[in-house]
Amino acid sequence: MNNPLFIAEVSSNHHRDLERCFCFIDTAAEVGCGAVKFQLFKINELFASEILEKSPAHRARKDWELPVEFLAPLSARCRQQGILFSCTPFYMDAVEELLPYIDFYKIASYELLWTDLLAACARTGKPVILSTGMATMDEIGIAVDTVRAAGCKDLTVLHCVSGYPAPPDQCNLAAIKTISDSFACPAGWSDHSVSEAVIYRAVHHWGAQTIEFHLDLEGDGEEFKTGHCWLPDQIREVIAVVKAGLVADGTGAKIPAIAELPDREWR
């Protein structure tokens, strides 16, 4: 098995600060990730006007929006760091706004049923990653059929539990294999558990080829208090152990290892 792609999800932890965004990209590369992902949304597109009128908490999420003008410098910084740049579109125009800059589209679990958005992403020819929190197999099937019919040739589907955080005993990692077998595509795990054991199991037992996780830098991000974000030192160790474990797989051929050869001389 190849090393899985680790994707650091910045989500709304960036404080609309370009330098802080750069720190997320630099940190993601340093801890061993192959990609970093942001979110592109506008609260007036996300929430009904009645909700925004009644809820100061929802209106405050205006400060969580990623400025569109950040996309070009963020993409350039990812190129400098040698990692992929991705972003989740939460409104239709975002698909075109992201197109010149991203390496792949990531569809959030909450948008999985929005077939027009899925088709628009697929028609660009870019790879697509789908998250499937809360979804049934029938719903995933419709999403997969939608992006494939729209021309997507590079699809990954992530099993996900949309609990923040997700209890390990509800993670149902066996669904990774169910998804891969059912839809004949690479499958992975979008993590909200912040559990080392869950990620190790997802990769080493269930063959997850992509691991997405929420990252914060120091615990000051908007979403850290919810309890589903990893800190750099935590995830660095997990990624290192995952990669070290995969080195031990070998070829499967039962032959003497190089380390055994001296002992064969006097056995």
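**Exercise 1.** State whether Val36 counts as buried or exposed, given its relative accessibility, and describe its surroundings.

*Solution.* Val36 has 0% relative accessibility and therefore counts as buried (buried means under 20% relative accessible area, exposed over 50%, partly exposed in between, with a 1.4 Å probe and protein chains only). The model is predicted: local features need pLDDT of at least 70 and side-chain atom pairs count only at pLDDT 80 or more, while totals for chains, interfaces and linings use all residues. Residues are numbered from 1 along each chain as its sequence is written, and side-chain values use heavy atoms, with hydrogens and water left out.

Next, locate the residue: Val36 belongs to strand β2, residues 35–40 (helices, H or I of at least four residues, and strands, E of at least two, are DSSP runs numbered from the N terminus). Then list its contacts (heavy atoms within 4.5 Å). Neighbours within four places in sequence aside, Val36 is in contact with Ile7, Ala8, Val10, Ile25, Ala28, Cys78, Ile83, Leu84, Phe85 and Ser86. With Ser86, 50 residues away along the chain, the C-alpha separation is 6.2 Å.

**Exercise 2.** Identify the residues that touch the most other members of the largest nonpolar core, and the element that gives the most to it.

*Solution.* A nonpolar core is a set of buried Ala, Val, Leu, Ile, Met, Phe, Trp, Tyr and Cys residues joined through side-chain atoms within 4.5 Å. The largest such core has 68 residues, and those touching the most other members are Val36, Phe38, Leu74, Leu130, Trp189 and Ile235. Helix α1 gives the most to this core, namely six residues. Apart from it lies another core of five residues, among them Ile7, Ala35, Ile129 and Leu158. As background, nonpolar side chains in soluble globular proteins tend to be buried together.

Finally, examine one of these residues. Beyond four places in sequence, the contacts of Phe38 include Glu9, Val10, His14, Cys21, Ile25, Leu66, Leu74 and Phe85. Ser86, Cys87 and Thr88 are also among the contacts of Phe38.

**Exercise 3.** Compare the span of helix α8 with its expected span, and report which of its residues are buried.

*Solution.* Helix α8 covers residues 137–149 and has 13 residues. Its first and last C-alpha atoms are 18 Å apart, close to the 18 Å expected at 1.5 Å a residue (the expected span is 1.5 Å times one less than the number of residues). Its buried residues are Ile140, Gly141, Ala143, Val144, Thr146 and Val147. Their cover includes α7 (115–123), β5 (128–131), β6 (155–160) and α9 (175–183). Just after α8, Gly151 adopts a positive phi of about 110°.

**Exercise 4.** Describe the packing of α8 against α9 and of α10 against α11.

*Solution.* Axes are lines fitted to C-alpha atoms, for helices over the stretch in contact, and angles run from 0 to 180 degrees between N-to-C directions. For α8 and α9, the angle is about 45° and the axes are 11 Å apart. That makes α8 oblique to α9 (angles under 35 degrees count as roughly parallel, over 145 as roughly antiparallel, 65 to 115 as roughly perpendicular and the rest as oblique). Their crossing is right-handed (the near helix is turned clockwise from the far one by less than a right angle; anticlockwise would be left-handed). Met137, Ile140, Gly141, Val144 and Arg148 of α8 meet Thr178, Ile179, Ser182 and Phe183 of α9.

For α10 (residues 196–204) and α11 (residues 232–247), the axes come within 10 Å and cross at roughly 30°. These two helices are therefore roughly parallel to each other. The crossing of α10 past α11 is right-handed. On the α10 side, Glu196, Ile199, Tyr200, Val203 and His204 take part; they meet residues of α11 including Ile235, Val238, Val242 and Leu246.

**Exercise 5.** Find the non-glycine residues His15 and Met134 in the model, and give their phi values and exposure.

*Solution.* His15, in the loop between β1 and α1, has a positive phi of about 60°. With a relative accessible area of 34%, His15 is partly exposed. Met134, in the loop between β5 and α8, has a positive phi of about 75°. At 53% relative accessible area, Met134 is exposed.
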